[in-house]
Amino acid sequence: MRTRNNMIKIMLNDKELEHLNKQLENSGLNKSVLIRKLIMGLMINPAPAEEYRKIFGVLSNATNILNQIARHANTTGNADDEKIDAAIILIRKCWQQLRELR
């Protein structure tokens, strides 16, 4: 079921449309999301740089591995050394990438 049932149409001049398109590009959001955030007075943050997205992906992998290690350790009473080493490698890779961004 839709939660947003009301559609509006808006007319913009060239300058307003250009400004909207710049905000869309900077935020990485689609028009609907951007306009809803603006209407609600929410902060519009710039889209993260590609480098940060890559680091977030690596961090996501590392935290997934750490969760698996914790689950396994809690269930069996011991941790898998291979998974611990893999998590350490991913975390070191994240730190290296973060240092390179400075």
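The following paragraphs go through a predicted model of one chain, from its confidence to its helices, its salt bridge and its largest pocket.

The mean pLDDT of the chain is 85, and 98% of its residues reach 70 or more. Confidence varies by element: helix α1 (residues 14-27) has the highest mean, at 94, while helix α4 (residues 81-101) has the lowest, at 79. Where pLDDT is low, the predicted coordinates should not be read in detail.

Helix α1 holds both partners of a salt bridge, E18 and K22. The closest N and O atoms of E18 and K22 are 3.5 Å apart, and the cut-off for such a pair is 4 Å. The count for the model comes to one salt bridge. Side chains of opposite charge can pair when their charged atoms come close. Here the spacing along the helix bears on the pairing: E18 and K22 are four residues apart in α1, so about one helical turn separates them. E18 is partly exposed, at 46% relative accessibility, and K22 is likewise partly exposed, with a relative accessible area of 47%.

The next topic is the largest pocket, which contains about 490 Å³ of space. The pocket is lined by 15 residues, and those closest to its centre are N6, I8, S32, I35 and R36. Helix α2 (residues 31-39) gives the most to this lining, with five residues. By class, the lining is made up of eight nonpolar, four charged and three polar residues.

Helix α3 covers residues 50-76. At 1.5 Å a residue, its 27 residues should span 39 Å, and the C-alpha atoms at its two ends are 39 Å apart, so the expected span and the model agree. The buried residues in α3 include I55, V58, A62, I65 and I69. For V58, the relative accessibility is 10%, and V58 counts as buried because the cut-off is under 20%. The C-alpha atom of V58 is 25 Å from that of I44, and these two residues are 14 apart along the chain. After α3 comes G77, which has a positive phi, near 90°.

Helix α4 contains I84, W95 and L98. What is the relative accessible area of each of these residues? I84 is partly exposed, at 29%. W95 is also partly exposed, with a value of 46%, and L98 is partly exposed at 31%.

Each of these α4 residues can be set against a residue earlier in the chain. W95 and L59 are 36 residues apart in sequence, and their C-alpha atoms are separated by 9.8 Å. L98 and Y52 are 46 residues apart along the chain, with 8.3 Å between their C-alpha atoms. For I84 and P48, 36 residues apart along the chain, the C-alpha separation is 29 Å. These distances involve α4, and the mean pLDDT of that helix, 79, is the lowest in the chain.

Terms used:
Residues are numbered from 1 along each chain as its sequence is written. This is a predicted model: local features need pLDDT of at least 70, side-chain atom pairs count only at pLDDT 80 or more; totals for chains, interfaces and linings use all residues. Side-chain values use heavy atoms; hydrogens and water are left out. On a 1 Å grid over the protein atoms alone, a cavity is a set of points where a 1.4 Å probe fits but cannot get out, and a pocket is an open set with protein on both sides within 12 Å along at least five of seven lines; lining residues have an atom within 4 Å of a point. Grid points are joined across faces, edges and corners, and a volume is the space filled by probe spheres set on the points. Ala, Val, Leu, Ile, Met, Phe, Trp, Tyr, Cys and Pro count as nonpolar, Asp, Glu, Lys and Arg as charged, and the others, Gly among them, as polar. A salt bridge is a side-chain nitrogen of Lys or Arg within 4 Å of a carboxyl oxygen of Asp or Glu. Buried means under 20% relative accessible area, exposed over 50%, partly exposed in between (1.4 Å probe, protein chains only). The expected span of a helix is 1.5 Å times one less than its number of residues. pLDDT is the predictor's confidence in each residue, from 0 to 100.
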